[in-house]
Amino acid sequence: MNNYEGMAQKISDSVYFVGIFNPNVRLTDVIVKTDFGTSYNSYIIKTGGKNILVETCRSNFFDSYISNIKKVCDPSQIGYIIINHSEPDHSGCLANLLEINPDIKVICSNAAQIYLKNITNRSDINFITVKDNEQLDLDGVKLKFISAPFLHWPDSIFTFMESEKILFTCDFLGAHYCEPYVFDFCSDKKDAYDTCLKNYFDAIFGPFKNYVLDGLRKISSLDFDFVCPSHGPVLTKDNNFSKLELAIASYKDWAEPKKNTKAVIPIFYCTAYGNTLKLALAIRDGILSQIADADVQLFNLVQEDINYLCDIMNSSDAFLIGSPTINRDAVPHVWHLLSGVDAVNCRNKNVGIFGSFGWSGEAVKFIEQRLQALKMKVFADGFRINFVPSDDDLQRAKEFGADFAKGICKSVDA
Ligand code: FEO
């Protein structure tokens, strides 16, 4: 795909897309992979008076963005900007727009108001803060605002335009996915979109599944034909290639709590000379001696996809990590895995640490400290041995695994 920078396109009688396409970006928010790029969607609602802008975009696209806006209206004719969520991929151009037109009123939640003052470094913004279910009539256009905390930040709201059956959801129901089309049914790669929708859900909403279910409940009573998110295509109904119903059903499915049918206790490890692996195998035997039907798989962090392993880690009942010590630290693959811990839902999860070391052996201690900081239940002192495990070491590793399993059973009983 060429480097499209967005367009102005009519969506409904009075709503226009004026967002930015960024097809070539492969990583966003520092950690989120975007194999098919992303878009920063922004919309203009034309009114009988001053117009309404819904979201802005990242600040580095301002020149293209303002050019898109000008295809629909002069910036002096924008009276309101709705910021459904203040993260800078949506608020990044707010300061630029206020420079051009300081009379613009900014509509957002109370939390977003606080964030936006620090994002724009302006103290003179004319805010209108809205509460859950509040309605405003903006120059003849009636809008309803729905509080949607943690979808994606505490500040998030949805904006509902009943007259044209449009729901503006910002991150919610979005996808880091970019084609040079605004609508879902124009897509050339339907399956790729489905994959991106899931990846996006996991990355953005995985820690907030209860809030996702709350959000879905709130919008279930609204009558809308379009969802205008702030990333990915506008979602529609009633076309063979429409994605709106699929996105909502998928969110519901992914967010519903799922209980493992048996104890899932993965063991993640790195091994330089096979010694930490030997410990992993002995620990597995110990776990199985206590919970015979437990699902205890070993995963080599060097050989497996880290995102895949993060899913396993976050949905497990408990897990263990083994690392050698290299350069007085755990190895980078371990830290990469731990950067994917769902810190909200893994709080209090049972974890165990182990590893073989040659000289100083800091890895186990450092991993423990990291998991304790994440408020997880770190089992006993981590299990360390020097160089090659002896038969006695392996027996102790097995006992470590057995005691770890007993600890899990106790947690379940309690
Ligand atoms: Fe697209 Fe949470 O920002």
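**Exercise 1. The second largest pocket**

How much space lies in the second largest pocket? Describe its lining as well.

Solution. The model is predicted.
- Step 1: the volume. The second largest pocket holds about 360 Å³ of space.
- Step 2: the residues. The lining of this pocket is made of 16 residues, and the closest to its centre are Thr325, Ile326, Phe357, Gly358 and Trp359.
- Step 3: the elements. Helix H8 (275-290) and strand S21 (350-357) are the elements that give two or more residues to the lining.
- Step 4: the classes. The lining of this pocket divides into 7 nonpolar, 8 polar and 1 charged residues.

**Exercise 2. The enclosed space**

State how many cavities of 30 Å³ or more are counted, and characterise the largest cavity.

Solution.
- Step 1: the count. There is 1 cavity of 30 Å³ or more.
- Step 2: the volume. The largest cavity has about 90 Å³.
- Step 3: the lining. It is formed by 13 residues, with Tyr177, Glu179, Tyr181, Gly232 and Pro233 the closest to the cavity's centre.
- Step 4: the classes. In the lining of the largest cavity, 8 residues are nonpolar, 3 polar and 2 charged.

**Exercise 3. The nonpolar cores**

Identify the residues with the most contacts to other members in the largest nonpolar core, then the elements that build this core.

Solution.
- Step 1: the members. The largest nonpolar core has 32 residues, of which Leu167, Phe172, Phe205, Val212, Ile219 and Tyr251 touch the most other members.
- Step 2: the elements. Two or more residues of this core come from each of strand S14 (157-161), helix H5 (190-205), helix H6 (209-219) and helix H7 (244-255).
- Step 3: the main contributor. H5 supplies the largest share, 8 residues.
- Step 4: one member in detail. Leaving aside residues up to four places away in sequence, Tyr251 touches Asp171, Phe172, Leu173, Gly174, Leu197, Tyr200, Phe201, Phe205, Val212 and Leu216.
- Step 5: another core. Apart from the largest core lies one of 28 residues, among them Val18, Ile44, Leu97 and Leu98.

**Exercise 4. Serine 42**

Is Ser42 buried or exposed? Place this residue in the chain and list its contacts.

Solution.
- Step 1: the position. Ser42 sits in the loop between strand S6 (38-40) and strand S7 (43-45).
- Step 2: the exposure. Ser42 has a relative accessible area of 0%, so it counts as buried, the cut-off being under 20%.
- Step 3: the contacts. Beyond four places in sequence, Ser42 touches Tyr16, Phe17, Val18, Gly19, Leu53, Val54, Glu55, Thr56 and Tyr65.
- Step 4: a distance. Ser42 and Pro149 are 107 residues apart along the chain, and their C-alpha atoms are separated by 21 Å.

**Exercise 5. Positive phi**

Locate Asn348 and Ala380, and give phi for both residues.

Solution.
- Step 1: the background. Most residues other than glycine have a negative phi.
- Step 2: Asn348. Its phi is positive, near 75 degrees, and the residue belongs to the loop between helix H10 (332-338) and S21. With a relative accessible area of 46%, Asn348 is partly exposed.
- Step 3: Ala380. Phi is positive here too, at about 45 degrees; Ala380 lies in the loop between strand S22 (377-378) and strand S23 (383-386).

**Exercise 6. The whole chain**

Summarise the secondary structure, extent and burial of the protein chain.

Solution.
- Step 1: the elements. The chain has 12 helices and 23 strands.
- Step 2: the extent. Along the principal axes, its C-alpha atoms fill a box of roughly 80 × 40 × 40 Å.
- Step 3: the burial. Of 414 residues, 54% count as buried.
- Step 4: the surface. The chain exposes about 18300 Å², with 48% of this supplied by carbon and sulfur atoms.

Key:
Residues numbered from 1 in each chain as written. Predicted model: local features only at pLDDT ≥ 70, side-chain atom pairs only at ≥ 80, totals over all residues. Heavy atoms only, no water. 1 Å grid on protein atoms, 1.4 Å probe; cavity = no way out; pocket = protein on both sides within 12 Å on 5 of 7 lines; lining within 4 Å. Points joined across faces, edges and corners; volume = space filled by probe spheres on them. Nonpolar A, V, L, I, M, F, W, Y, C, P; charged D, E, K, R; others polar. Core = buried A, V, L, I, M, F, W, Y, C linked by side-chain atoms within 4.5 Å. Buried < 20%, exposed > 50% of the residue type's maximum accessible area, 1.4 Å probe, protein only. Helix = DSSP H or I, 4+ residues; strand = E, 2+ residues; numbered from the N terminus. Contact = heavy atoms within 4.5 Å. Areas by Shrake-Rupley, 256 points an atom, 1.4 Å probe, with all protein chains shown as cover.
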